[in-house]
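Visitor: Please take me through one part of this model in close detail. I would like the first helix, then the spaces it borders and the helices that share them.

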Amino acid sequence: MARDRLFTRPFVLVSLANLFQGMSFFLFIHLPRYLEDLGANAVLIGFIIGVTAIASILSRPAIGTIMDTRGRRPVILVGNVVNVGAILLYLTVSSLGPWIYVVRIIHGVAEASLFTALFTYGADVVPASRRTEGLALFGVSGLLPIAFGGILGDIVLNQAGFDELFLTAAAFAFGALIISLWLPERAPALGDDEVKTGYFAAIRRPELLPIWFIIGVFSFVLTGYFTFLRTFIDEVGIGSVGLFFAFYAGTAIALRLAVAWLPARVGEKKVLFPALVAIAIGFLLLARVQTPTDISIAGVLCGAGHGYAFPILFGFTVTRSPDVVRGATLSFFTALFDIGVLIGGPVLGAIISLSGYPAMYSVAAIVMAVATVIYWRWDRRYDTEDLPAAVA
């Protein structure tokens, strides 16, 4: 029997749009260094990065409702336009005054719109029979920027400065906008009232609660390297941001391209739990880094964990949610990454200020390990085969 086709025209287009958007976004891995140059300490850096998430989180219900009533395309197009403008506004930032917060909030709303809408669109065009595999392959478009964003940022900053970095990010954002113009509309056929009454009911579904928990913790600990790796590398003087994220994304991409079928073949949870443990071990290695090789191995471990954990949990969310509120449910799924940053930035930044980077990475490892055990026990009652047919 022929398998459902993955690489359709909408799949390729949304993957390319996500790739360009991701390149724009991940150049901002270097933003903490810019903030440090302006005089911010670790706590303030964490707060500035985290405050972006407030606007992002508050905008999610509206974004989800619009996607489920008006379609994905308007959110994608408007989000791209706002994103280009927000990035160009960084060229006007010269101090740690109120303006940096205004720019970060605008940027946060744009990223919330694009992250939610592009991933929802990706879930729409992946056949249900190949969901985990398809979402893993779609996710490659988000992993490539993690690898090349760090390296490209290193190159731009070594040759020029932050103005050029922001202009490069704006160019990629504009590319995402141009590609998005070719995306056909995707939206379920339902009325406004159905979505409005179903939004909060959808995210409170019992079978989704353990997923919200582990994604929240996953997002919290990822702040340890997505926010603080830049300043950590500057302090220890070992390796580079580009080195870590090249191995991080390279490992995740290799696994998804070569063995994306593995979770479906052996069982999602048999792959998920080792993936989460790999992330914890990667953090422990960062806490004790001595050589560039340690940075590389930590990248491999964290990348392998992310490479499998994200698409599996993403797939669980789609499978356990009604199609008619997919935009709403996935808007909350993506909001959890902002919540993780909002909490993780100040908390992990405070640990750095009080006890240093090794303590912060050790705490992140312990939190990830404990959360994995809690999730394992909590989610056993909601294995897919035990769910009602309407959900599974």
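Guide: Start with Asn18, which lies in helix H1. The model is predicted, so read every value as computed from predicted coordinates. Asn18 has a relative accessibility of 5%, so this residue counts as buried, the limit being under 20%. Its separation from Arg130 is 112 residues along the sequence. In space, the C-alpha atoms of Asn18 and Arg130 are 20 Å apart.

Val14 is also found in helix H1. Its relative accessibility is 0%, so Val14 counts as buried too. Take Ile179 as its partner for a distance check: 165 residues separate Val14 and Ile179 in sequence. Their C-alpha atoms are nevertheless 8.1 Å apart in space.

Now the spaces. The structure holds 1 cavity of 30 Å³ or more. The largest cavity contains about 920 Å³ of space. Its lining is made up of 35 residues. Closest to the centre are Phe25, Phe26, Phe115, Phe226 and Phe337. Helix H1 covers residues 9-26 and supplies at least two residues of this lining. So do H3 (42-70), H5 (98-125), H7 (140-159), H10 (209-226), H15 (292-319) and H16 (326-355). The lining of the largest cavity divides by class into 17 nonpolar, 13 polar and 5 charged residues.

H5 gives the most to that lining, with 7 residues. This helix is mostly covered, with 20 of its 28 residues buried. Its length can be checked too. At 1.5 Å a residue, the 28 residues of H5 should span 40 Å. The end C-alpha atoms of H5 are 41 Å apart, which agrees.

H3 is another contributor to the lining of the largest cavity. Look at its start. A side-chain oxygen of Asn41 comes to within 2.8 Å of the backbone nitrogen of Leu44 there. Further along, H3 has a kink of about 40 degrees at Arg60. The kink lies shortly before the proline Pro61. Run the length check on H3 as well: at 1.5 Å a residue, its 29 residues should span 42 Å. The end C-alpha atoms of H3 are 41 Å apart, in agreement with that span. Just after H3, Gly71 takes a positive phi of about 115 degrees.

A second glycine is worth a look beside this one. Gly237, just after H11, takes a positive phi of about 65 degrees. H11 spans residues 229-236. Within H11, the residues Leu229, Arg230, Thr231, Phe232 and Ile233 are buried.

Back to H1 and the other space it borders. The second largest pocket holds about 180 Å³. Its lining consists of Phe7, Phe11, Val12, Ser15, Leu16, Leu19, Leu137, Val140, Ser141, Leu144 and Leu257. The elements giving two or more residues to this lining are H1 and H7. H1 provides the largest share, 5 residues. By class, the lining of the second largest pocket has 9 nonpolar residues, 2 polar and no charged. Put the two spaces together, and H1 contributes to the lining of the largest cavity and to the lining of the second largest pocket. H7 also appears in both linings.

Technical notes: Residues are numbered from 1 along each chain as its sequence is written. This is a predicted model: local features need pLDDT of at least 70, side-chain atom pairs count only at pLDDT 80 or more; totals for chains, interfaces and linings use all residues. Side-chain values use heavy atoms; hydrogens and water are left out. On a 1 Å grid over the protein atoms alone, a cavity is a set of points where a 1.4 Å probe fits but cannot get out, and a pocket is an open set with protein on both sides within 12 Å along at least five of seven lines; lining residues have an atom within 4 Å of a point. Grid points are joined across faces, edges and corners, and a volume is the space filled by probe spheres set on the points. Helices (H or I, at least four residues) and strands (E, at least two) are DSSP runs, numbered from the N terminus. Ala, Val, Leu, Ile, Met, Phe, Trp, Tyr, Cys and Pro count as nonpolar, Asp, Glu, Lys and Arg as charged, and the others, Gly among them, as polar. The expected span of a helix is 1.5 Å times one less than its number of residues. The bend at a residue is the angle between axes fitted to the seven residues ending there and the seven starting there. A polar contact is a pair of N or O atoms within 3.5 Å; within protein, one must be able to donate a hydrogen and the other to accept it, and residues adjacent in sequence count only if both atoms are side-chain atoms. Buried means under 20% relative accessible area, exposed over 50%, partly exposed in between (1.4 Å probe, protein chains only).
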